[in-house]
Amino acid sequence: DISEQAPAKADSEAPDAAARNVPAKIEGIVSMEYWSTPRDDTWQLPVECRPLTGEQASLYFQIRAAVAGRTYAELERDESRAVWLRPPNKHAPRADEKVDFTDREILRVAQSISACKAADPVLTGARWLQQHYALRFDHGMDLPQMKLDITAEEIQSCKQIYPKAIYGLAKPYGYPIMWDMVSTLRLKAMTTHFGSPEAALERILWYDLHIMELCDRYRKRLSKERGDVLFLKSIWIVDLGDWSTDLLHRGILRTCQQIIVRSGSVWPESLWRIYLVNVPW
């Protein structure tokens with residue numbers, strides 16, 4: 001077990017333990033011994049699975065305690081930080097179920113918050129964590145078979161006007177490479193496929209959720225293949241080779257902004273590097 005460490009203390013004691021640098025077994029985080037041991041594997045260990053700092057460990061335990069016992073209906077939803085394409089799903093059959101907050105997602109938030117200067121990092125982290133679970137629940141993304149409001153035919157149309165897919169893994173950590181061809185968006189093609197640019201952009205917001213969820217599920221699969229280490233990040237390549245003044249359309253700019261803000265809100269700590277390629281200026 002590459003994450004084998006001393007057993008975690010109860011939540012009420014864990015923050016103090018973390019401050020004293022007492023190790024705790026947290027799924028996905030490797031021991032210092034394992035992290036420091038040279039190896040000749042194909043890929044280096046992803047940076048996010050390194051042993052936590054005292055601050056990160058303390059945040060992890062406090063955030064976990066702050067959200068414990070919440071149901072899906074009770075999750076805080078901040079629609080100013082992410083566009084909701086459906087009304088909050090607070091009356092669904094599963095809404096009264098308690099949320100299973102996993103180590104992976106708590107760690108994602110704890111690591112992100114530790115790099116910020118939030119006035120109240122525990123409260124902010126708890127809200128970010130709830131946002132992640134609420135948006136996925138409300139949009140049917142947390143089920144084995146996603147239930148998004150977009151058909152397979154509409155996804156194929158979106159792929160034609162806005163190609164966006166994973167192409168291989170990047171050295172040295174084996175992070176997936178997402179190739180984003182946003183520069184191919186054209187008002188005429190959007191109208192041809194969906195009747196109007198506005199209708200196309202509404203479908204693209206759903207299409208992006210589909211792509212982002214698939215990407216995160218792929219990272220989970222890579223984590224399993226790598227020994228269940230914490231694996232959160234990707235490399236993003238934005239190809240501007242087909243740049244056109246169509247991209248200055250107000251609706252396209254607004255939709256791109258919504259996608260960027262939503263990605264940072266719902267999937268923090270998922271970006272390792274971003275590259276702009278074929279820049280025409």
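In this predicted model, Asp-228 is found in the loop between α8 and β3, and the phi of Asp-228 is near 65°, a positive value in a residue other than glycine. The two elements that flank this loop can serve as guides to the rest of the fold, with β3 leading into the sheet and α8 leading to the helix packing.

Strand β3, residues 234-239, belongs to an open sheet of 4 strands, in which the order is β1-β2-β3-β4 and the pairing is mixed. Strands of a sheet pair through backbone hydrogen bonds, either parallel or antiparallel. At the edges of this sheet stand β1, residues 164-170, and β4, each with a single partner strand, so that one side of each is left without a neighbour in the sheet. Neighbouring strands are turned against each other by 25° on average, when direction is ignored.

Following the sheet from the β1 edge, one meets an antiparallel pairing, since β1 and β2 are joined in that sense over 5 bridges. These two strands form a hairpin with 4 residues between them, and in its turn Gly-174 has a positive phi of about 75°. The loop between β1 and β2 also holds Pro-172, and the peptide bond from Lys-171 to Pro-172 is cis, with omega near 5°. Within the paired part of the hairpin, Ala-165 stands opposite Trp-179 in β2.

Trp-179 also leads across to the next strand, for its bridge partner in β3 is Ile-237. Here the sense of pairing is parallel, with 4 bridges joining β2, residues 175-180, to β3. The parallel sense is found again between β3 and β4, residues 271-277, which pair over 6 bridges; among the residues involved, Ser-234 has Leu-271 of β4 as its bridge partner. Between these two strands the chain passes through helix α9, residues 250-266, and the resulting β-α-β crossover is right-handed.

On the other side of the Asp-228 loop in sequence, helix α8 lies across β1, β2 and β3, running at about 20° to β1. Helix α8, residues 197-225, also meets helix α6, residues 152-161: their axes come within 10 Å and cross at roughly 100°. Because angles of 65 to 115 degrees count as roughly perpendicular, α6 and α8 are therefore roughly perpendicular to each other. The contact is made from the α6 side by Glu-154, Ile-155, Cys-158, Lys-159 and Ile-161, and from the α8 side by Ala-200, Arg-203, Ile-204, Tyr-207 and His-210. Sorted by class, this contact of α6 with α8 has 6 nonpolar, 1 polar and 3 charged residues.

How far the coordinates may be read in this way depends on the confidence of the prediction. The protein averages a pLDDT of 89, and 91% of the residues score at least 70. Over residues 1-23, however, the pLDDT is below 50, although beyond near neighbours in sequence this stretch has 40 contacts in the model.

Key. Residues are numbered from 1 along each chain as its sequence is written. This is a predicted model: local features need pLDDT of at least 70, side-chain atom pairs count only at pLDDT 80 or more; totals for chains, interfaces and linings use all residues. Side-chain values use heavy atoms; hydrogens and water are left out. Axes are lines fitted to C-alpha atoms, for helices over the stretch in contact, and angles run from 0 to 180 degrees between N-to-C directions. Angles under 35 degrees count as roughly parallel, over 145 as roughly antiparallel, 65 to 115 as roughly perpendicular and the rest as oblique. Contact means heavy atoms within 4.5 Å. Ala, Val, Leu, Ile, Met, Phe, Trp, Tyr, Cys and Pro count as nonpolar, Asp, Glu, Lys and Arg as charged, and the others, Gly among them, as polar. Two strands pair if DSSP finds at least two bridges between them. A crossover is right-handed if, with the strands pointing away from the viewer, the path from the first strand over the helix to the second runs clockwise. pLDDT is the predictor's confidence in each residue, from 0 to 100.
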